2 protein chains.
Amino acid sequence: MDADKVFRALGDPSRRKLLDLLCERNGQTLGELCNHLDMTRQSATQHLGILEAASLVSTVRRGREKLHFINPVPLHEVYERWVRKFERQRLSLLHDLKTELEGDGQ
Amino acid sequence: MDADKVFRALGDPSRRKLLDLLCERNGQTLGELCNHLDMTRQSATQHLGILEAASLVSTVRRGREKLHFINPVPLHEVYERWVRKFERQRLSLLHDLKTELEGDGQ
DNA sequence: TTTACATGCAGTTAAATGCCTGCATATTAT
DNA sequence: ATAATATGCAGGCATTTAACTGCATGTAAA
């Protein structure tokens with residue numbers, strides 16, 4: 001898993017919206033997804049390509065259509081390997097911050 | 001919380017490294033952080049500004065120094081409000097993907 | 001086979017990004 | 001007061017990004 005690609009892919013609101021749409025109904029075609037987006041089909045294709053390069057989306061061709069499916073694994077791995085590190089220290093980090101903001105750190 | 005700012009801020013590897021450094025030792029000065037980065041102080045300042053705008057980092061002035069502290073709250077909120085949505089459906093999404101890749105979706 | 005539909009691909013462009021240099025300001029130490 | 005240190009701020013520049021237009025290809029339906 002390329003954590004950098006995943007984070008970059010998630011950094012754009014249009015791409016997060018695409019994931020949201022697929023979360024509502026998995027397996028949508030490019031055209032279906034475009035109906036809910038305020039951009040051209042070509043732009044959406046680029047975003048989906050970035051999501052696919054990050055393995056967040058996988059595609060299957062069905063005739064002249066292309067179906068898009070969420071792959072939740074990279075998101076889960078990013079959470080496990082990165083977010084949880086901060087989560088584990090969450091309370092102590094909050095404590096650092098609070099005491100410093102209160103001026104007790106002098 | 002501005003989820004967009006948080007995701008954008010996390011989209012850059014240098015900024016994730018800054019958070020990593022602060023996770024190792026909270027409350028570091030700009031100069032200390034720069035010792036571990038391969039960029040000028042001014043660039044680091046910009047990155048820290050973006051992290052601060054996303055409320056991922058809070059700062060406290062101490063004399064001529066500026067101390068940087070992680071604020072874990074936005075990260076936690078992003079996880080709660082966004083990542084968990086996918087996490088909840090993780091197994092069913094994986095099932096969709098698997099059956100489609102196997103060609104059972106016809 | 002002709003027409004309509006769904007997607008692919010190339011090239012352009014405006015804006016955003018990330019990095020830099022140079023100088024200014026503020027604080028501490030001598 | 002002077003020098004050294006830590007950070008702030010402004011501007012420039014190359015690259016990347018995200019959007020578009022226009023045309024090509026492949027598939028399904030009439």
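The buried residues of helix H2 of chain B are Arg15(B), Leu18(B), Leu19(B) and Leu22(B). Because they cover an arc of only 95° around the axis, they lie on the same side of H2(B). On the other side of H2(B), Pro13(B) and Glu24(B) are exposed. This is a predicted model.

An α-helix has 3.6 residues a turn, so residues three or four places apart point the same way. H2(B) runs over residues 13-24, and at 1.5 Å a residue its 12 residues should span 16 Å; the end C-alpha atoms are 16 Å apart, which agrees.

Within chain B, the buried residues of H2(B) pack against helix H1 (3-10), helix H3 (30-34) and helix H4 (41-53), and also against strand S1 (28-29), strand S2 (57-62) and strand S3 (65-70).

Chains A and B also touch each other: 32 residues of chain A are in contact with 32 residues of chain B. On the chain A side, two or more residues come from each of helix H1 (3-10), helix H2 (13-24), strand S2 (57-62), strand S3 (65-70), helix H5 (73-88) and helix H6 (90-101).

The surface near DNA strand C involves both chains. Of the 19 residues around this strand, Thr29(A), Gly31(A), Met39(B), Thr40(B) and Gly63(B) come nearest. At least two residues each are supplied by helix H3 (30-34), helix H4 (41-53) and S3 of chain A, together with H4 of chain B. H4(B) gives the most, with four residues.

The table lists the residue classes of the two surfaces.

| Surface | Nonpolar | Polar | Charged |
|---|---|---|---|
| Side of chain A that touches chain B | 17 residues | seven residues | eight residues |
| Surface near DNA strand C | two residues | 11 residues | six residues |

Definitions and conventions: Residues numbered from 1 in each chain as written. Chains lettered and ligands numbered in written order. Predicted model: local features only at pLDDT ≥ 70, side-chain atom pairs only at ≥ 80, totals over all residues. Contact = placed C-beta atoms within 7 Å. Nonpolar A, V, L, I, M, F, W, Y, C, P; charged D, E, K, R; others polar. Expected span 1.5 Å × (residues − 1). Buried ≥ 20, exposed ≤ 12 C-beta atoms within 10 Å, placed from the backbone. Arc of directions from axis to C-beta. Near = placed C-beta within 6 Å.
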